[in-house]
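Biologist: I'd like to learn how to read a model like this one. Can you walk me through it?

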Amino acid sequence: MALIPFDDRDGSIYLNGEIIPWRDAKTHTLSHGLHYASLVFEGERAYSGTIFESRLHTERLRASCKFLDFDIPISDEEIEAAKQAVLEANGIVDGYIRAFCWRGSEMMAISAQHTTTHVAIAAWEWPSYFDPETKMKGITLDVADWKRPSPESAPVHAKAAGLYMICTLSKHAAEKKGFQDALMLDYRGYIAEATGANVFFVDDEGVIHTPIADCFLNGITRQTVSKLAKSLQMKVVERHIKPEEMANMKECFLTGTAAEVTPVSRIGDYEFTPAKTSRSLVDGYEDLVRGRISL
Ligand code: PMP
């Protein structure tokens, strides 16, 4: 596979108050963020030039920093302006925005009370290739061995780099077995989420079930899709779901900024047939992000 490395591209990146050439957006190898995972980030999407739920992402970025005991040195308004400036500098209309903050190099030890916080925002083209037919075939997931940790073991509501260590390991293991992603259970054995997206199921009466986000990221897309489903008169139940309950579920889909609404055809040995409910939410989400409908 010919990869275009992310550190060798044309374009511009926001770094600590300035928009600079893409290849110059560097940090030192001795950075607390790199060694101790004191880094938080956001993944956002722009549709036709507008960042979907931009403000909520900015607020979550700040909340994630606070979970890791640091703060962003700029205001929400400045972050909003910087995101727009990055989109404009790169001429991006439909794209992905990655905003991130990390502790710098002043201290290189566990204690990091006096580090400065760095802020960067990058964006790249990511057209939403909306091909409902292909999407409706569904993706396949294996069930991961790694479990989402308890809120007593990690700052589980932060979108923090360290929490992705087990996601990468789970996704690699699934890919090696021919699956596209992995479903992670939580520390109690309940269904939690995929490695970078939340999960929903639909039962034989059309009722939608999704795990309570009490030990994983309560995705902005998850919340949007729940609202969308309710506006379409669908019933949404948030509850603890045991893996064996998947035998009774007819449809399954993932939600996330990158995944949008992605139907699932298989998780381990359980099979699902993406149908009416998934289809309405795939289409409804597209209408929503494109501003054709509002909730
Ligand atoms: N869970 C994880 C682990 C994620 O990485 C993401 C993607 N940010 C989500 C859930 C979905 O969150 P959102 O809908 O806010 O993108």
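Biologist: Let's start at the ligand: how far is an oxygen atom of the ligand from an N or O atom in the side chain of T257?

Modeller: For a polar contact, look for a pair of N or O atoms within 3.5 Å. Here the T257 side chain places an N or O atom 2.6 Å from a ligand oxygen. Keep in mind that this is a predicted model.

Biologist: Which polar atom of I220 lies 2.8 Å from an oxygen atom of the ligand, backbone or side-chain?

Modeller: With I220, check the main chain: a polar backbone atom sits 2.8 Å from a ligand oxygen. E193 uses its side chain instead, with a polar atom 2.6 Å from a ligand nitrogen. In total, 14 residues surround the ligand, and Y164 and T221 are listed among the closest too.

Biologist: Now the interior. Which elements give two or more residues to the largest nonpolar core?

Modeller: That core holds 26 residues, with Y14, V40, I72, L87, I97, C101 and I121 making the most contacts inside it. Two or more residues come from each of β3, α2, α3, β5 and β6. The top contributor is α3, with four.

Biologist: Why does this core lie between domain 1 and domain 2?

Modeller: Because domain 1 (12-125) and domain 2 (132-289) both supply residues to it. For a close-up, pick I72: leaving out residues up to four places away in sequence, I72 touches L61, R62, C65, I79, C101 and V119.

Biologist: And where is confidence lowest in the protein chain?

Modeller: In helix α4 (residues 132-135), with a mean pLDDT of 80, while strand β11 (residues 208-210) is highest at 99. The chain averages 97.

Notes. Residues numbered from 1 in each chain as written. Predicted model: local features only at pLDDT ≥ 70, side-chain atom pairs only at ≥ 80, totals over all residues. Heavy atoms only, no water. pLDDT = per-residue confidence, 0-100. Core = buried A, V, L, I, M, F, W, Y, C linked by side-chain atoms within 4.5 Å. Buried < 20%, exposed > 50% of the residue type's maximum accessible area, 1.4 Å probe, protein only. Domains from an automatic or database assignment. Contact = heavy atoms within 4.5 Å. Near = heavy atom within 4 Å. Polar contact = N/O pair within 3.5 Å; in protein donor to acceptor, adjacent residues only side chain to side chain.
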